[in-house]
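Colleague: I should be grateful for a close look at one part of this model, namely a loop residue with an unusual backbone angle. Please then connect that part to the surroundings that can be described with the same care.

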Amino acid sequence: MNVAAYLDRLGLDRPAAMDVAALRVLQERHLAVVPFENLSIHLGEPIVLDTEALFDKIVRRRRGGFCYELNGLFAALLRELGFDADLKAAKVFRADGTLGPPFDHAVVRVELDEPWLADVGFGRFSRFPLRLSATEPQADPDGEFLFLDAPHGDIDVLLDGKPQYRIEPRTRALDEFAPTAFWQATSPDSHFTRGPTCSLPSTHGRVTLTGDRLIVTTHGVREETRLSSDQEILDAYRKEFGIELTRVPERP
């Protein structure tokens with residue numbers, strides 16, 4: 001991995017020390033500049049869970065990705081920098097409170113003075129790393145987080161009182177997520193196949209492009225604009241997310 005190129009993508013210098021302060025800066029900048037997006041699925045591009053392929057996509061081509069891609073490459077960057085970082089699998093809570101399948105999500109565990117959760121691949125989540133061993137609520141600019149013990153040594157992560165996902169304790173290799181990533185990219189039951197989406201936090205909210213709908217939320221106020229042509233959509237990808245596409249992702 002070309003660490004200097006990755007850090008340049010984030011607009012950062014190499015951290016002087018591998019500590020919590022450095023991890024906070026890395027996560028915040030990653031979330032701010034690397035979009036959460038599923039465009040490859042709707043452009044007919046394969047999802048390849050390999051560090052070199054992900055580096056080419058996210059760093060060289062300045063794209064984003066979804067959890068396996070973003071957290072997979074972020075974990076690799078952290079290890080290259082000298083952090084003790086590994087991947088954990090998680091099951092995502094559905095709207096009805098039931099759990100999704102194993103390997104539904106990938107998160108990064110970083111061992112420093114204590115274990116920390118870093119996640120740059122869940123869309124709206126914590127802006128900064130969270131203390132995995134904390135028993136009290138943790139305040140973050142994007143909400144209040146709480147960890148609760150779950151069966152078999154798992155940990156439930158709650159945001160503002162609502163369960164988000166359940167982390168298992170076992171360390172996983174990136175390629176172990178490949179079967180579920182394939183399902184997420186191909187199954188009609190996956191929400192990722194229902195349409196293209198691309199999202200980034202902004203200074204006071206979030207900007208999201210879903211199909212031909214540009215949604216800008218500022219201080220909790222949502223404004224939606226319907227883009228009327230393919231060129232407007234391509235321009236929005238470039239202006240809002242820094243993504244250069246030659247064609248519009250297919251919409252169902």
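Modeller: Asp160 is partly exposed, because its relative accessibility is 48%, whereas the cut-off for buried is under 20% and that for exposed is over 50%. The model is a predicted one, and in it Asp160 occupies the loop between β8 (155-159) and β9 (162-172). The phi angle of Asp160 is near 50°, a positive value in a residue other than glycine.

Phe103 also has a positive phi without being glycine, in this case near 65°. This residue belongs to the loop between β2 (84-92) and β3 (105-111). Phe103 counts as buried because its relative accessibility is 16%. A further positive phi, near 55°, is found at Arg62, which follows α4.

The loop that holds Phe103 also holds Gly100, between β2 and β3. Gly100 is buried, with a relative accessible area of 8%. Leaving aside residues up to four places away in sequence, Gly100 touches Lys91, Val92 and Arg94. The C-alpha atoms of Gly100 and Ala90 are 8.9 Å apart, and the two residues are ten apart in sequence.

From Arg62 one may turn back to the helix that precedes it. Helix α4 spans residues 51-60, and its buried residues are Leu54, Phe55, Lys57, Ile58 and Val59. These buried residues pack against α1, β1 (36-37), α3 and α5. At the N-terminal end of α4, Asp50 acts as a cap: one of its side-chain oxygens lies 3.1 Å from the backbone nitrogen of Glu52.

Helix α1, one of the elements against which α4 packs, also has a contact with helix α2. Two packed helices are described by the angle between their axes and the distance between the axes. For α1 (residues 3-10) and α2 (residues 20-33), the angle is about 65° and the axes are 9 Å apart. That angle makes α1 roughly perpendicular to α2. On the α1 side the contact involves Tyr6, Leu7, Arg9 and Leu10, and on the α2 side Leu26, Arg29, His30 and Val33. Sorted by class, the contact has five nonpolar, one polar and two charged residues.

Leu7, which takes part in that contact, lies in helix α1. Leu7 counts as buried because its relative accessibility is 3%. Beyond residues up to four places away in sequence, Leu7 touches Leu12, Asp13, Arg14, Leu26 and Leu81. Leu7 and Leu77 are 70 residues apart along the chain, yet a distance of 9.0 Å separates their C-alpha atoms.

Helix α5, another element packed by the buried residues of α4, contains Asn71. Asn71 counts as buried because its relative accessibility is 0%. The side chains of Asn71 and Asp119 are joined by a polar contact of 2.9 Å. Apart from residues up to four places away in sequence, the residues that Asn71 touches are Leu87, His105, Ala106, Val107, Val108, Ala118, Asp119, Val120 and Gly121.

Helix α5 (67-81) has a further role in packing: together with α3 (39-43), it is included in what covers the buried residues of α6. Within α6 (residues 178-186), the buried residues are Thr180, Ala181, Gln184 and Ala185. These four are on the same side of α6 because they cover an arc of only 135° around the axis. An α-helix has 3.6 residues a turn, so residues three or four places apart point the same way. Pro179 and Phe182 are exposed, and they sit on the face of α6 turned away from its buried side.

Gln184, one of the buried residues of α6, is also touched by Phe192. Phe192 lies in the loop between α6 and β10 (197-202) and is buried, with a relative accessible area of 9%. Besides Gln184, and with residues up to four places away in sequence not counted, Phe192 touches Phe36, Asn38, Ile41, His42 and Phe66. For one of these, Asn38, the separation along the chain is 154 residues, while the C-alpha atoms of Phe192 and Asn38 are 6.5 Å apart.

Key. Residues are numbered from 1 along each chain as its sequence is written. This is a predicted model: local features need pLDDT of at least 70, side-chain atom pairs count only at pLDDT 80 or more; totals for chains, interfaces and linings use all residues. Side-chain values use heavy atoms; hydrogens and water are left out. Buried means under 20% relative accessible area, exposed over 50%, partly exposed in between (1.4 Å probe, protein chains only). Helices (H or I, at least four residues) and strands (E, at least two) are DSSP runs, numbered from the N terminus. The arc is that of the directions from the helix axis to the C-beta atoms. Contact means heavy atoms within 4.5 Å. A polar contact is a pair of N or O atoms within 3.5 Å; within protein, one must be able to donate a hydrogen and the other to accept it, and residues adjacent in sequence count only if both atoms are side-chain atoms. Axes are lines fitted to C-alpha atoms, for helices over the stretch in contact, and angles run from 0 to 180 degrees between N-to-C directions. Angles under 35 degrees count as roughly parallel, over 145 as roughly antiparallel, 65 to 115 as roughly perpendicular and the rest as oblique. Ala, Val, Leu, Ile, Met, Phe, Trp, Tyr, Cys and Pro count as nonpolar, Asp, Glu, Lys and Arg as charged, and the others, Gly among them, as polar.
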